[in-house]
Amino acid sequence: MTPSSSGLTFEQKLQNYARLAVNVGLGIRPGQRVLVQAPVDTAPLARLLVREAYAAGASFVDVRWDDDDVVLARFELAPEGTFETISQWRVNAETEVAEAGGAVIAIRAANPGLLAGVDAARVTAHARALAAYRKPYTAQVMTNRLNWNLISAPVAGWAQVMFPDASTEEAISQQWDAIFAATRADQPDPVALWHTHLADLKRRRDTLTAKQYHALHFKSGETDLTVGLADSHIWGGGSAQTPGGITFTANIPTEEVWTAPHRNRVDGVVVSTKALSYNGVLVDGIRIRFEGGRVVEATATQGQDALTQMIATDEGSHRLGEVALVPHSSPISRSGLFFFNTLYDENAASHIAIGTAYRFNVAGGVEMSLEEFNAAGGNDSLVHVDWMIGSADMDVDGLRASGEREAVMRAGEFVI
């Protein structure tokens, strides 16, 4: 195949991508088991991940396959009353690997509007049952007890949503170009570039942790939101470590730094700046009002039922579990592309997440009881859903408990 402008062929960039995901994303330690989760349409990348994992010292690598059409067929054709049935072995595979000290990597790729024509109640019933069964595994993810990683790859339905005027083949090619650019896999030595990038994110998160702001104030357009921060909060960003000392990067790409909001101290109005793909439904034009940390009003210009049912999942889904800052000049934002995929779009804009908080964003949070975590301002829920609120005109101030105000971002860019 003809080399690209970077001098690399498609095959070389794909190999770079797989090596990056395994070595920087998972950070495999020799002897670890690995589970790869992949849509069947991404099989070529999944196979490379398997080989790269073995090359990095994995003792056993298994693959769990997914398929959009199988998912769609169920929600269209299965009888009512069956949507809370889940295949426990699929979740057990994750838990088994985690409890064995292994690592999990997932290729997240799906048509963002796959379930748009399906009764939202069916999807919600299944999502709740699956989230409840997955909670023991999710708890390990939320506390960094295992090394895990999310990446993505083109699938036809998604590519054509991103590039509607292109043929299927052209759309997939353009999507690959966008993914390679966003992850730096189109460069000769992406691993070295990622180590530099991760060091920059670490400096930013360390600076913000040292500030210990009482709250952040977001102002842009209709958005006028004050997000209180959890007691003794810690900012995350870039790489993380397991209790056993394995360094990994959970998301590739990643451009964000984030921490835990205080569950009882969020007030004001916030409006989304990008659409959200949630459970196969596009949700756009989100406008939410908070009082005392709790959602009291939530509307969307598209996907209202999905938004309503997501917030109604449990008590914790009425509150925030994450607040994240991303410069408007991030590579994904500069691309001008909307990916219809949170893994990418959340790294183009500052964002917040409805639902559960990461325990490691509160000092000592991993060891706390749920009651202690909530008392510190943390939040617990079956869901964790990020949606984008940042823009080129977003200003963010850090607020001290005294009321003193300090500029953190101006016009979407960091000033600290």
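**Exercise 1.** In this predicted model, work out whether R405 is buried, partly exposed or exposed, then find the residue its side chain meets in a salt bridge.

*Solution.* Start with the accessibility of R405: its relative accessible area is 47%. Buried would need a value under 20%, and exposed one over 50%, so R405 lands in the partly exposed class. Next, look for the partner. The side chain of R405 meets that of D397, with 2.9 Å from N to O. Finally, check D397 too: with 8% relative accessibility, D397 is buried.

**Exercise 2.** Find the salt-bridge partner of E315 and say which parts of the chain the pair ties together.

*Solution.* First, the partner: E315 pairs with R294, at 3.0 Å from N to O. Now place both residues. E315 sits in the loop between α9 (304–311) and β15 (320–325), while R294 belongs to strand β14 (residues 294–299), so their salt bridge ties together parts 21 residues apart in sequence. Last, accessibility: E315 comes out at 38% and R294 at 29%. E315 is partly exposed, and R294 is partly exposed as well.

**Exercise 3.** Take the salt bridge between D66 and R64. Is each residue buried or partly exposed, and which network do they belong to?

*Solution.* Begin with the contact itself: the closest N and O atoms of D66 and R64 are 3.6 Å apart, which means the pair fits the 4 Å cut-off. Then compare accessibility: R64 is buried at 12%, whereas D66 is partly exposed at 24%. Now widen the view: R64 and D66 are linked with R90, E94 and R134 in a network of salt bridges. Across the whole structure, there are 21 salt bridges.

Definitions and conventions
Residues are numbered from 1 along each chain as its sequence is written. This is a predicted model: local features need pLDDT of at least 70, side-chain atom pairs count only at pLDDT 80 or more; totals for chains, interfaces and linings use all residues. Side-chain values use heavy atoms; hydrogens and water are left out. Buried means under 20% relative accessible area, exposed over 50%, partly exposed in between (1.4 Å probe, protein chains only). Helices (H or I, at least four residues) and strands (E, at least two) are DSSP runs, numbered from the N terminus.
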